Amino acid sequence: MGNRVCFLVAEHPFLDARIFKKEAKSLVQKGYDVTIIVPRRKGFLFDIDGTLMKDRFLEVSFMHEGVRILTYDPPTGKQQPARQLSYLRTGKVDPLPGPLIKLAVKHEADLYHAHEFASCYDAIMTKRILSLKGKDTRLIYDSHELVPDPKERMSQTVRGKLEEIRAHMFKEVDIVITVSASIQQTYQRINRNVPIEVLFNSPFLSPYDQKARVGNSPLVLGYVGRMEEHKGSLAKLIQILDYGNQSIDLRAKIIGGQTEVNTMELPHHLRDKVDIVGWLPYTNVAQALTGVDIGWIEINTNNSLNRMYSMPNKFFSYLERGIPPLVNQSRDMKTFIQKYKCGFVVKEDATPLDFANALIQLNDDWKEVSETGKRARKVMEDWFSWEHMEQKLFAIYDRLLKSGKR
């Protein structure tokens, strides 16, 4: 078996698409010995939709698809930034390590891969403890989002402490992986000595055959993921369908949504216009997108640079299926679409009427939609599918573990 790799997780479900389905399984197939240490809620692991897994994965430790899973009950108290900052400043070991640190130290991995701001602190403490024991380790911080978000509402005191914690952590990690070019650029301004790499949340390629649109068939708008007020609001989707159906036959397919979303929530006159698939395993999303013509992404960028900088899973899921995304002006998605001509952009503060008008226009120019979809698929085939991303991941691991250099 190859080098021992340990993923440290403080908040995500263990079946998270990026953590488990992509990174961990890719590394196992490459020959690494991969362990993920993940939190429980109320004594149970939790699924990607947040529901507790009360009928499966009940063991404290187990193997799943070649990956060793170790579980723990997180502390009940809140994190104390001032306390963490004091240990980061002094270079000392936290004398009261939490359960994640204890399990990580016991595992004695060659490389620790932290998936949140909180678990990065635990990884640094783990690295320090093992160093005192004579064990040399490498450390990756996989920053799925910008923390702290400069636009997020919080006290200036707390923000200042979090920013200082981040600055100190960046001095001790060997590399930072993140999910968009804008977050990469932000981090490079903070510390130009630590390498910052981008690994997009893109899927593996699945067999693909673009189907021609038949006659005057309905235009199907797809949505993947959780529906929330600040991203993919169900209320806004209903308005888009209302406006759009005044001119064209517009339908929607929701893959995910909210646990409480069902057809009874929809206005009676739209119930036959919406297909609610619900939550699916990540590997089933590509098949579920069959029949979707355009992928909807609506993000409220107020009070969040993370949403402005986001390159979400759904964006790449649409592209992989040859489905042009229709987005409002999230900076990174807009830049990507403009560069590769693989989707459509409306204004940043687009209303449901703006989205509906864009869909009506696209319905009348199906050749443009079709050609844009072909470019969407090709950009994934040529550069951005997970097959390409995992090669970058392998190169990072190889560089850290074999050469011992950044």
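**Burial and salt bridges**

Guide: At 7% relative accessibility, Arg377 counts as buried.

Visitor: What makes Arg377 buried?

Guide: Buried is under 20% relative accessible area, exposed is over 50%, and partly exposed sits in between (1.4 Å probe, protein chains only). Arg377 has 7%, so it goes in the buried bin. One caveat: this is a predicted model, where local features need pLDDT of at least 70, side-chain atom pairs count only at pLDDT 80 or more, and totals for chains, interfaces and linings use all residues. Residues are numbered from 1 along each chain as its sequence is written, and side-chain values use heavy atoms, with hydrogens and water left out.

Visitor: Why is the contact between Glu381 and Arg377 called a salt bridge?

Guide: The rule wants a side-chain nitrogen of Lys or Arg within 4 Å of a carboxyl oxygen of Asp or Glu. Here N to O is 2.9 Å, so the pair passes. Glu381 itself is partly exposed, at 36%. Salt bridges with shared partners link Glu320, Arg321, Arg377 and Glu381 into one network.

Visitor: How many salt bridges does this rule give?

Guide: The count is 25. Among them is Arg40 with Asp73, at 2.8 Å, N to O.

Visitor: What does the pair of Arg40 and Asp73 tie together?

Guide: Parts 33 residues apart in sequence, because Arg40 lies in the loop between strands S2 and S3, and Asp73 in the loop between strand S4 and helix H2. Those are DSSP runs numbered from the N terminus: helices are H or I, at least four residues, and strands are E, at least two.
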